[in-house]
Amino acid sequence: MRIKKGDNCIVISGKDKGKTSTVIRVIPGEDKVILEGINMQKKHIRARKSNEKGQVVERAFPVHISNVMPIDPKTKKGTRVRFATVKGKKVRLSTSGTEL
């Protein structure tokens, strides 16, 4: 995958378009990522014990990977990712040539 946990990304479509955030988790099987503070939805949690109360929690839900673009550290804008071999190692590069 071209996006990894810890990457700074910008949302390019959807209700949170234009917002930037950090990737918390990548779900490769579904081609989705979870971003910190993006796509927040309310989730109802049932009381598990008799003395507990049920509650409504707001949490980040997955976003499709095609709606997210990594931020180039040099230009601070969204960029495409390409792979290259540098000193015998495969590295991720932005289109401007900056290592991600």
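In what order do the five strands of the open sheet lie, and is the pairing parallel or antiparallel? In this predicted model, the order is 6-3-2-1-7 and the pairing is antiparallel.

**Figure 1. Overall view of the chain, which has nine strands and zero helices.**
Read along the sequence, the pattern is β-β-β-β-β-β-β-β-β. The C-alpha trace spans about 60 × 30 × 20 Å along its principal axes, and the radius of gyration of the chain is 17 Å, whereas a compact globule of 100 residues would have a value near 13 Å. Of the 100 residues in the chain, 27% are buried. The chain exposes about 7,200 Å², and carbon and sulfur atoms supply 48% of that area. Among contacts between residues at least 6 apart in sequence, 38% join residues that are at least 24 apart.

**Figure 2. Close-up of the open sheet, with five strands in the order 6-3-2-1-7.**
The edge strands are strand 6, covering residues 63-64, and strand 7, covering residues 68-70, and each of these pairs on one side only. Strand 3 and strand 6 run antiparallel and are joined by two bridges. Within this part of the sheet, Val33 stands opposite Val63 in strand 6.

**Figure 3. Close-up of the largest nonpolar core, which has ten residues.**
The members of this core are Ile3, Cys9, Val11, Val23, Val33, Leu35, Ile38, Val63, Ile65 and Val68. Strand 1 (8-11) and strand 3 (32-35) each supply at least two residues of the core. Both Val33 and Val63, which stand opposite each other in the sheet, belong to this set. In soluble globular proteins, nonpolar side chains tend to be buried together. Val11 offers a view of the surroundings of one core residue: leaving aside neighbours within four places in sequence, Val11 is in contact with Leu35 and Ile38, and also with Asp16, Lys17, Gly18, Lys19 and Asn67.

**Figure 4. Close-up of the hairpin of strand 8 and strand 9, which has two residues between the strands.**
Strand 8 (residues 81-86) and strand 9 (residues 89-94) pair in the antiparallel sense over six bridges, and Phe83 stands opposite Arg92 in strand 9. Lys87 is placed in the loop between these two strands and has a positive phi of about 55 degrees although it is not a glycine. Most residues other than glycine have a negative phi. Is Lys87 buried or exposed? Lys87 has a relative accessible area of 84%, and because this value is over 50%, the residue counts as exposed.

**Figure 5. Close-up of Asn39, a residue other than glycine with a positive phi, near 55 degrees.**
Asn39 is found in the loop between strand 3 and strand 4, the latter covering residues 40-45. The relative accessibility of Asn39 is 14%, and because this lies under the 20% limit, Asn39 counts as buried. The two loop residues with positive phi can thus be set side by side: Asn39 is buried, whereas Lys87 is exposed.

**Figure 6. Close-up of Arg92, which has its place in strand 9.**
Arg92 has a relative accessible area of 9% and is therefore buried. The side chain of Arg92 makes a polar contact, at 2.9 Å, with the side chain of Asp7. Which residues surround Arg92 once its neighbours within four places in sequence are left aside? The contacts of Arg92 comprise Arg2, Ile3, Lys4 and Asp7, then Val81, Arg82 and Phe83, and finally Thr98, Glu99 and Leu100. One of these, Ile3, is also a member of the largest nonpolar core, and another, Phe83, is the residue that stands opposite Arg92 in the hairpin.

**Figure 7. Close-up of Thr98, which lies in the segment after strand 9.**
The relative accessible area of Thr98 is 18%, so that this residue, too, is buried. The side chain of Thr98 makes a polar contact with the side chain of Ser96, at 3.3 Å. Leaving aside neighbours within four places in sequence, Thr98 is in contact with Arg92 and Leu93, as well as with Asp72, Pro73 and Lys74. Arg25 stands 73 residues from Thr98 along the chain, and the C-alpha atoms of the two residues are separated by 23 Å.

Terms used:
Residues are numbered from 1 along each chain as its sequence is written. This is a predicted model: local features need pLDDT of at least 70, side-chain atom pairs count only at pLDDT 80 or more; totals for chains, interfaces and linings use all residues. Side-chain values use heavy atoms; hydrogens and water are left out. A nonpolar core is a set of buried Ala, Val, Leu, Ile, Met, Phe, Trp, Tyr and Cys residues joined through side-chain atoms within 4.5 Å. Buried means under 20% relative accessible area, exposed over 50%, partly exposed in between (1.4 Å probe, protein chains only). Helices (H or I, at least four residues) and strands (E, at least two) are DSSP runs, numbered from the N terminus. Contact means heavy atoms within 4.5 Å. Two strands pair if DSSP finds at least two bridges between them. The radius of gyration is taken over C-alpha atoms; the globule rule is 2.2 Å times the number of residues to the power 0.38. Accessible areas come from the Shrake-Rupley method with a 1.4 Å probe; for residues, only the protein chains shown count as cover. A polar contact is a pair of N or O atoms within 3.5 Å; within protein, one must be able to donate a hydrogen and the other to accept it, and residues adjacent in sequence count only if both atoms are side-chain atoms.
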